[in-house]
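Reader: I am new to this one. Could you walk me through it and explain the reasoning behind the labels?

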Amino acid sequence: MWRAFLNILKVKELRSRLLFTALIIVLVRVASNIPCPGINPAALERFIQDVTQSSGSEGGLVQLIDLFSGGALAHFALGALGIMPYITASIILQLLVPVIPQLEKMQREGESGRQKITQYTRYLTILVCVVQGIMVALAMVNPAKLHLPQPVEPLYMGSPAVFVPVTVLVITCTTMVFTWLGEQITERGIGNGVSLIITINIVSRLPHSVIELVQMAIKGTTPDGSTFKSVQLLLLLVMFCVVTAATILLSQGYRRVPIQMVRKTVGKQMMGGSTYMPLKVNFANVMPIIFAGAIMMLPSFIFNTMAAKSGGFWMTLATFFQQDGLGYTVTYGLLIVIFSFFWVANQFNPLQIADNLKKEGAYIPGISPGQPTADFLDSAMTRVTAGGALFLLVLAIFPMFLYRNFSIPFMVAQFFGGTSLLIMVGVVLDTMSQLESHLTMRHYEGFLKSGRLRSRGGN
């Protein structure tokens, strides 16, 4: 493996791509540490500490957003929203493609259609940025509206009539620049531009989490006063390795469906023979966790709002659906399973695949072409998705288990599963797969001596 990394530096094109990617990453990290105009940094730092120490869902939500922005939210930096508005817009359009015939037609037009959809995604990203920008700007003006602790001193300087629009403009422009930089990494860098920016932001918080764990081991207590011994630190290290290995298996796992292709001569080459179709175990990747997390923001906000007005029954519901509550965990898990099947139903079309196989003269041994093939693929994908959804459920809930039962800080627990670990593993595997392809094309040894890395595409 180390020889493969050295070989990367020998290839001029790869060396240039890596340098270009590194420069863009530096720009992103710099923008994630420059505060927005009008912010009171000292007051904001104390306020974020008060919020993150909260055991409710609001504290966990703020920490999760801060994780994806690479700490930019804690500084209320130019990149406070990070690249997530673009991801949100992309997901929305992907879900709308099967629903809106015009979008589905564009997708089938090839490269020109994909460029139009990409342009629509950018427009939608601006809209998402404006909406989210207004929310975070108003949160700085009056945190109590989002059920956050009231700061001791104002978090901003100047008039709200100036601060809010300037903040929305600045962070919207920064997000769009991040989006453009991500596209440049995809075209001129090592690929996976937008995903790589998110991964770098997540990884940037890893040293802070490691330091926090070491400090807990030295002090012998967790932030809430629970006992924490050195042996627990060792167990967490082993647990991290096991969970990471399980995440890799989940990301790389697939079921092979044998495909027999009719032999035919194309030019001077004989085409056809036996191959297979990979059915991904985790076809939806991290999307079910993102969807479930987004929906679970609503009950807490609604119930806390109603509880502040009338209390009683609403207060009970608000407590039940706190992030460390049983209601939140059960509902969150069910939504992950539901959205796993929902994503597969929207993105995996067995009838179209069966038609394509029939047109190409290919078939599944023992299965008749046409509708029987579609039924077989639908049944096989349902069983594979069921196993993947349960695995994903356990992986998503495990950080909450550590946070609630062992008093592991929320930011530290996020690296033991959930969205952050899935994104990191998936992007790293994809990037290594692309680098390996460049190396093997130039007759260099890849990262593995036998076999090869598979990207999330399953090919």
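**Reading the labels**

Author: Gladly! This is a predicted model. Let us begin just past helix 18, where S407 follows with a positive phi, near 55°.

Reader: How do you know that the length of helix 18 agrees with its number of residues?

Author: Helix 18 has 35 residues, 371–405, and at 1.5 Å a residue it should span 51 Å. Its end C-alpha atoms are 50 Å apart, so the two values agree. Helix 18 also has a kink of about 30° at I397, shortly before the proline P399.

Reader: What makes the pair F401 and F406 edge-to-face?

Author: First, a word on the total: the structure holds nine aromatic pairs. In the pair you ask about, the ring centres of F401 and F406 are 5.5 Å apart, within the 6.5 Å limit for pairing. Their planes are at 70°, and over 60 counts as edge-to-face, so the name fits.

Reader: Why are Y328 and Y332 called stacked?

Author: Their ring centres lie 5.8 Å apart and their planes are at 25°, which is under 30 degrees, so the pair is stacked. Y328 and Y332 are four residues apart in helix 16, which means about one helical turn separates them. Both Y328 and Y332 are buried.

Reader: Why is C36 called buried, and C173 partly exposed?

Author: Buried means under 20% relative accessible area; C36 has 4%, so C36 is buried. C173 has 42%, between 20% and 50%, so C173 counts as partly exposed.

Reader: How many disulfides are there?

Author: A search of the whole structure finds zero. For C173, the nearest cysteine sulfur is that of C129, 9.2 Å away, while a disulfide needs the sulfur atoms within 2.5 Å.

Conventions
Residues are numbered from 1 along each chain as its sequence is written. This is a predicted model: local features need pLDDT of at least 70, side-chain atom pairs count only at pLDDT 80 or more; totals for chains, interfaces and linings use all residues. Side-chain values use heavy atoms; hydrogens and water are left out. Helices (H or I, at least four residues) and strands (E, at least two) are DSSP runs, numbered from the N terminus. The expected span of a helix is 1.5 Å times one less than its number of residues. The bend at a residue is the angle between axes fitted to the seven residues ending there and the seven starting there. Buried means under 20% relative accessible area, exposed over 50%, partly exposed in between (1.4 Å probe, protein chains only). Rings of Phe, Tyr and Trp (its six-membered ring) pair if their centres lie within 6.5 Å; planes under 30 degrees apart count as stacked, over 60 as edge-to-face and the rest as tilted.
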